Amino acid sequence: MTNLELQKMAVKIREGILTSVHSAKCGHPGGSLSAADILTYLYFEEMNIDPEQPKMKDRDRFVLSKGHNAPGYYSALANRGFFPVGALETLRHIGSFLQGHPDMKHIPGVDMSSGSLGQGLSAATGMALAAKLDNKSYRVYCMCGDGECEEGQIWEAAMFAGHRKLDNLTVIVDNNNLQIDGTLAEVCSPDPIGEKFSAFRFHVIHIDGNDFDQIRSAFEEAKQVKDMPTAIIAHTVKGKGISYMENQAGWHGKAPNDEEYKVAMEELEKAGAQLC
Amino acid sequence: MLETKKIATRESYGNALVELGKEHDDVLVLDADLAQATKTCTFKKAFPERHIDCGIAEANMVGIAAGLATCGKVPFVSSFAMFVTGRAYEQVRNSIGYPHLNVKIGGTHAGISVGEDGATHQCLEDIALMRAIPGMTVICPADDIETKAAIKAAYELNGPVYLRFGRLAVPVVNDREDYKFEIGKGVRLREGSDLTIITYGLCVAACLEAAEILSKAGCEAEVINMHTIKPLDEELVLECAEKTKRIFTVEEHSVIGGLGSAVCDLLSEKLPTKVTRIGINDVFGESGPAQELIHKYGLDGEGIAKQIWQNK
C-alpha cells in the first residue's frame with residue numbers, strides 16, 4: 001500500500017475504534033488511537049498473514065501486550081478481513097467474541113491473549129524463540145505501552161530477547177506519554193525507555209509513530225538488523241485524530257457519549273475526505 | 001519394609017523428561033537458574049539445544065513458555081513450587097490458564113520436606129493456587145514410578161498441567177505389575193472398612209505405615225493414593241465415603257485449599273461425611289532436616305496414625 005492508502009485505511013480503523021467503544025459504552029480509545037497508524041501498517045503492509053487462514057503455520061505473529069488497546073487491534077483485524085467490521089459494535093457486549101481484552105481462543109487473528117500488562121512481551125519473545133529453534137523465517141511483533149514499561153516483566157523479557165539475540169523480534173513502544181493517573185513523569189517515569197532497551201542489547205529506533213514515512217523506514221530497518229532484537233520507540237499522540245481526545249489522559253479509558261461520538265465521526269469523515 | 005529403594009520425585013522428573021525428550025522433538029524444558037536443583041540438568045545434558053535457561057526471572061519464563069506453546073512446542077517450565085506457582089501465579093493464570101495453552105508446569109521442592117532452606121522456600125499453597133485456575137490439571141506423584149507415568153500422561157494431555165515434586169528421597173510404593181496411571185483416577189493401595197485415608201505425594205508411603213500401625217490397634221484403614229488432585233476422582237471419594245463413612249485427608253500442604261478442601265467441597269454437597277484434614281495447619285514452615293520436620297509436623301507414619309486414632 002502507498003502511504004496515502006495507508007492513511008485512508010487508518011481513518012477507517014479509527015472509525016472502528018470510535019464505533020466499538022461508543023457501542024460498548026466503555027473501553028480504551030486514547031491508546032487505540034495513538035497506535036492506530038502502526039496497527040494499520042502492521043496489518044496492511046508489514047506482516048505476512050492471511051485472513052482466510054488465521055492459524056497459517058509460518059505466519060508472522062503479533063502480540064498486543066498493551067491489551068487494553070483491543071478496540072484498535074480489533075478494528076485492524078476486522079478491516080483486514082479476519083471478521084466482519086459490523087462485529088465491532090458487539091465489543092464488550094455479553095456473549096460477544098470480542099472480549100474487553102484480546103482472547104486468542106475466540107477471536108480470529110489474535111495470536112496471544114493479553115490484557116494484564118507486562119505479560120505479552122514474554123509471550124512474543126517465546127514465539128520468536130520458537131521460530132529460531134525451528135529455523136523458521138517468520139517474524140514476531142509486539143506492541144507495548146510506555147506506561148506498561150513500568151512493569152518489571154517487560155525488562156525480564158527484554159533481557160532474555162537481547163541475550164538470545166532474537167533479531168526476528170520487533171517491539172513497538174506506543175510512547176504517547178500518558179497513563180491513567182497522568183503523564184509518565186507525574187506517575188513513575190520509565191524514561192529513558194529507548195536507552196533501557198539499548199542497555200538490554202536491542203537495536204533502538206525513535207520515530208514519530210503517527211507518520212507513515214517514518215513507520216515504514218523503521219520496520220524496513222528492523223528487518224536488516226542481525227543478532228539483536230529491535231525496539232521502535234514510537235512517539236505518538238494519545239487520542240490522535242480526534243481533536244478533543246488528543247493528549248488528554250482522561251480519554252485513556254472512557255467512551256464518548258452520543259454527541260461526542262457524532263463530533264468524532266464527523267472529524268474522521270472530514271479527515272478521510274481530505275485524503276481523496 | 002517399604003524403604004528398599006528411595007528416590008526424590010524431582011530426580012525422577014529429570015529422568016522422565018530425558019525419556020520423553022527422546023521420543024518427542026517438541027518437548028522443551030525451561031528453567032530459572034535452578035536446573036541443578038530441579039534436576040532438569042539431566043535433560044539439559046541430554047538435549048542442550050532444547051533446554052532454555054531463562055535466568056532468575058520466573059514471570060518471564062512462564063510467558064516464554066506460553067509463546068512457545070502457541071507455536072506448537074510442549075514446554076515443561078521448571079522451578080521451585082514456591083516460585084513457579086507463587087511468584088508467577090498471575091502469569092500462569094493469564095498467560096497459560098486463560099488461553100488454555102499446552103504448557104506443563106513442574107514445581108519441585110514443594111512442602112516442608114525442602115528442609116533446611118526454611119519457610120520462604122517451603123511452598124504449602126501451590127495446590128490451592130493451581131487448583132483454582134479453570135482448566136488446570138493438578139498432579140502430585142508419590143514415587144519414581146508414578147512420576148514417570150505422570151510426565152508421560154501430562155505430555156499426552158493437550159492443556160495446562162501442574163506437576164508437584166519433592167526434594168526428599170521417597171520410597172517406591174507403586175512397584176507392582178498391575179500398576180496403571182490414569183489422570184483423574186485415584187488408586188486404592190490398601191483395603192480397609194473402618195475409615196478412609198486419602199492422600200498423595202510423599203505422604204502416601206507414610207499413610208501406608210500409619211494404616212499398619214492402626215491395624216495393630218484393631219482399626220482397618222483403606223488408603224487411597226489421589227495422585228490427581230484436579231480433576232478429583234469424585235466417584236472414588238463418594239464410594240469411600242459411602243463405605244467407611246469416615247474420611248481423613250493427609251497432605252504435605254496447607255489444610256486450606258488442598259486435597260482436604262477439595263474432598264470437603266465434594267462431600268459437603270453430595271454426601272455429607274465427617275472429614276478430618278491432616279496437613280500443615282495454616283502456619284509457615286521452618287528450617288531443619290526434612291525428616292525431623294516431617295515428624296514435628298505430624299506427617300510421618302506415627303504422627304498420622306496418632307492424629308487419626310485421636311479423631312476417629
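Q: What makes the 7 strands of chain B an open sheet, and in which order do they stand?
A: In this predicted model, the order is 3-2-4-5-7-6-12, with mixed pairing. Strand 3 (51-53) and strand 12 (228-230) of chain B stand at the edges with a single partner strand each, so one side of each has no neighbour in the sheet. Strands here are DSSP runs of E, at least two residues long, numbered from the N terminus. Neighbouring strands in this sheet are turned by 20 degrees against each other on average, direction ignored, with axes fitted as lines to C-alpha atoms and angles between N-to-C directions running from 0 to 180 degrees.

Q: How do you know that strand 2 of chain B pairs with strand 3 of chain B?
A: Pairing takes at least two bridges found by DSSP. Strand 2 (residues 27-31) and strand 3 of chain B are joined by 3 bridges and run parallel, so they pass the cut-off of at least two. In that pair, B:Val29 stands opposite B:His51.

Q: Why is B:Ala8 called buried?
A: Buried means under 20% relative accessible area (exposed is over 50%, partly exposed in between, with a 1.4 Å probe and protein chains only). B:Ala8 has 6% relative accessibility, so it counts as buried. B:Ala8 sits in strand 1 (residues 6-8) of chain B. Leaving aside neighbours within four places in sequence, its contacts (heavy atoms within 4.5 Å) include B:Gly166 and B:Val170.

Q: Why is chain A called as compact as a globular protein of its length?
A: The globule rule is 2.2 Å times the number of residues to the power 0.38, and the radius of gyration is taken over C-alpha atoms. For 276 residues the rule gives 19 Å, and chain A has 17 Å, which is close, so chain A is as compact as a globular protein of that length. Buried residues make up 59% of chain A.

Q: What makes A:Ser23 and A:Glu89 a polar contact?
A: A polar contact is a pair of N or O atoms within 3.5 Å; within protein, one must be able to donate a hydrogen and the other to accept it, and residues adjacent in sequence count only if both atoms are side-chain atoms. Here a polar atom of the A:Ser23 side chain lies 2.4 Å from the backbone oxygen of A:Glu89, so the distance fits the cut-off of 3.5 Å.

Residues are numbered from 1 along each chain as its sequence is written, and chains are lettered from A in the order in which they are written. Local features need pLDDT of at least 70 and side-chain atom pairs 80 or more, while totals for chains use all residues, and side-chain values use heavy atoms without hydrogens or water.

How values were computed: Helix = DSSP H or I, 4+ residues; strand = E, 2+ residues; numbered from the N terminus.
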